[in-house]
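Biologist: Could you walk me through how to read the strands, helices and charged pairs in a model like this one? I would like to take it feature by feature.

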Amino acid sequence: MGSTPFHISRSRYGPNLRILCAALLIGLVVGALGLFLPVEMAARTIRGKLHADQASGSIVVVAVDDPSVAELGPWPWPRDQIGQIVGKLRAAGAKQIHLDIDLSSPGKPAEDAALEDALRAAKGHVSLSSRLLVDMVAGTQADTRPLPRFTRHATMANTNLWVDRDSKIWAHPYALELATGVMPSLASLLSGVQGNEGAQFPLDYAIDVRSVPVVSARDIAKGRWDSKIVAGRKVIVAQTSTGAEHYFMPGYALVPAAFFHVIAAETLIAGRPIALGWMPPLILAGMIAAIFLTLRNRTHARIVLAGGYGLFLIGPIFLEHHHIFPDIMASLVTMTVVAVVHLYKNLRRAYHVRGTTNSISGLPNLNALRQREEAALGTLVVARIQNFAEITTALPQEYERELVEQITSRFSFGTTGAAIYQADEGIFIWVAQTQNDEMLIEQLNGLHALFRSPVIVSAQLVDVTVTFGLDNDSSRPLMQRVSSALVAADEAAKEGLRCATFDPATLEDAQWKLSLLGRLDQAIERGEIWVAYQPKIDLANDRIIGAEALARWKHPEKGEIFPSQFIVAAERSGRIENLTAHVLDSAVGLAARINRSGYPFSIAVNLSARLLDKPGLIGMVEQTLARHALPAGLLILEVTETTAMASQSESFANLERLSAMGVQLSIDDYGTGLSTLEYLKKIPAGEIKIDRSFVGMLDKSQGDRIMVHSTIQLAHSLGRKVVAEGVENAATLAELRRMQCDFVQGYHTGRPMPAPALINQLPANARETAA
């Protein structure tokens, strides 16, 4: 068998490279524009909570808090009072004192003088705040510095905070360029870690702000404090009361501005942080995505992708613990884009495969053939497995794939490498490229010969009947050619041929057959479907003891429609229940009329394999018998041998229920399947019908005579009756009498006929009542 035709050979690296490039481009945009900054920082905050650190304790905040304002007066306090606090802190051994206080304008002379004296006495151990103010309207900048009288005795530090667009502070500068020169930030001054002007470092919010030592300014002013808390430490005196500047600190609520300077300083004290940024992680993500897209083994690819996500979600925890701060959102977005696009492609591919592949066998279906229409320029061959529905009904569903594999394996001997497509209900299609029709016919005859031997499915031998249809007209649309070849295959089966070529003259008839099912229901309603009855003869007395009911269709325009056409179509389409109910009602009604005359008469109705496992079967039979008041024992339901053998679960339960009702069961077409004595004992059938293919050869084949005779003896030994169908001549009838067969049917003893004709063959008293 050829390779699957709808897998187009092309490099798989081209599409994957496009996916990777597009994902990296999106990652670049995300990283450059900071599109996911809030998410990025929220993730960093969560990671910080996972490895929370304590502040070093080397920086103490003297808080001008609400209790201090309440006790000492509103802020700002007199400058001499600030000077006193500075003196007490120096006396307690504070290493460095920073006053985060606006001293840019003069106060009362005596108070300013007192503060200046305190600063002078501190001998350079005090630093003061300088801030850069920007006029957003005028676009001008101004440096708000303390008065010169204060700055000459102190060090200067910038206390600006950089608020990001999400209203949070994520980074802090080492130093700023001001009009008077480069000025270090307070964090850089307190930590002693210097950096380039304008350079920023990330704040480590893993440091717990609640662990920063704090002492209330009022306690220092009133002498109610332990001076050891500031000994040898650096101190920030800052307003923290309600009126102070507050900002959102990640992981906390609003926090006074002074604590951001402390966290920034503590970050530098813990080690110079490295802002890794988003580019190195993005490069790593690109490498992981490339490996994911390249790996052929999907399990390994998924492991790589999952490992990549784990690396970017867990790895930053360890990096940030070592003061390396990566931005990972661009990387995660890149890998997610790759994963989503790849998943989408796989889903589309799976959808395409499902849409172009038979779900059971895995062979390409008609949709796949449509997509390859340009390749169907040779002779189109349709192989129809005539008994496919019967076989698949009898076999458990899990063996259908094995059945198709066995069938296509045999077809492959005659397809010369062409791809085989599977349609529904046992239809297989391929395109033969040979220009020699005689050679093609010879190949198909050879394939037909292969199917004379049964296929083996789950250790069972299964007979497969196949016919072939051809269409040579490459100019017509492909699907029309398929329909035409299918019509030819069915015509071959009807005429007993191995194969047939579509005749365009039959196109009109083929189009009519396409609407066959739609017309079937109307035909039942209009009375076009009628029931023929073939007499059943008792060889013990040569009397008609019953009949088999057979569906017939006489169309007002098309005339007689072959039962093989509409019955098989009804089974395939799920309309067989309606047709069976119609035949059953007519047959039981006739049998009831005949029996009311006192003439014992049974009626046999064929039961489709498609109905055997239907829950409504029992109810349909019960209601029909009750409606016509016919005893259940006078109704015979015929099931094919293959169906009876395969009856399990609900199907076999229905056979048991029918038998328990009193309905007789008959095994039809006996000899065409693979019956065993165990099956014959198990199936609750009182009658066996020997298939006409054996009965018709009684006068010619010694093997068939032995088979029929042994079957009659076996059935009698099991208490079963035997019906021989297909009795076509007197010699066959005589041979069956000699074998002590119970009943016969056939053209020699009575053709299928309308009900009135059957009644006319009954005794006079029965004719009058039944009529």
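Biologist: Let's start with a hairpin: through how many residues is strand 7 joined to strand 8?

Modeller: Happy to help, and please keep in mind that this is a predicted model. The hairpin from strand 7 to strand 8 goes through two residues. Strand 7 covers residues 175–178 and strand 8 covers residues 181–184; they run antiparallel and are joined by four bridges. For a single pair to look at, find leucine 176, which stands opposite methionine 183.

Biologist: Now a sheet. What is the strand order in the open sheet of five strands?

Modeller: The general idea first: in a regular strand the side chains alternate between the two faces of the sheet. In this open sheet, the order is 17-18-16-21-22, and the pairing is mixed. Strand 17 (421–422) and strand 22 (499–501) are at the edges, each with a single partner strand, so one side of each has no neighbour in the sheet.

Biologist: In which sense do strand 16 and strand 21 pair?

Modeller: Antiparallel: six bridges connect strand 16 (residues 379–385) with strand 21 (residues 466–471). Valine 382, for instance, has glycine 469 in strand 21 as its bridge partner.

Biologist: Which strands does helix 16 touch as it packs on the sheet?

Modeller: Helix 16 (residues 437–450) touches strand 16, strand 18, strand 21 and strand 22, and its direction makes about 160° with that of strand 21. Another helix to look at is helix 15 (residues 400–411), which lies across strand 16, strand 17, strand 18 (427–432) and strand 21. Helix 15 runs at about 25° to strand 18.

Biologist: On to charges. How many salt bridges does the count come to?

Modeller: The count comes to 27 salt bridges. To read one, look at the closest N and O atoms, which must be within 4 Å. In the pair of arginine 47 and glutamate 320, those atoms are 2.7 Å apart. Arginine 47 sits in helix 2 (residues 37–50) and glutamate 320 in helix 11 (residues 298–321), so this salt bridge ties together parts 273 residues apart in sequence.

Biologist: Are arginine 47 and glutamate 320 buried or exposed?

Modeller: Both arginine 47 and glutamate 320 are buried. Compare the salt bridge between lysine 494 and glutamate 491, at 3.1 Å from N to O. These two residues both lie in helix 17 (residues 478–494), three residues apart, or about one turn of the helix. Lysine 494 counts as partly exposed, at 33% relative accessibility.

Biologist: Which lysine forms a salt bridge with glutamate 687?

Modeller: Lysine 536 does, with the closest N and O atoms 2.6 Å apart. Glutamate 687 is in strand 29 (residues 687–690) and lysine 536 in strand 23 (residues 529–538), so the pair ties together parts 151 residues apart in sequence. Glutamate 687 is buried at 4% relative accessibility, and lysine 536 is also buried at 4%. For a network of salt bridges, look at Glu116, Asp117, Arg120, Arg149 and Arg152, which are linked in this way.

Biologist: What is the nearest side chain of opposite charge to aspartate 704?

Modeller: That is arginine 705, 8.4 Å away; aspartate 704 is buried yet has no salt bridge. Aspartate 704 belongs to helix 27 (residues 702–717). Leaving aside residues up to four places away in sequence, aspartate 704 touches Ser693, Phe694, Met697 and Leu698.

Note on methods: Residues numbered from 1 in each chain as written. Predicted model: local features only at pLDDT ≥ 70, side-chain atom pairs only at ≥ 80, totals over all residues. Heavy atoms only, no water. Pairing = 2+ DSSP bridges. Contact = heavy atoms within 4.5 Å. Axes fitted to C-alpha atoms, helices over the stretch in contact; angles between N-to-C directions. Buried < 20%, exposed > 50% of the residue type's maximum accessible area, 1.4 Å probe, protein only. Lys, Arg positive; Asp, Glu negative; His and termini not counted.
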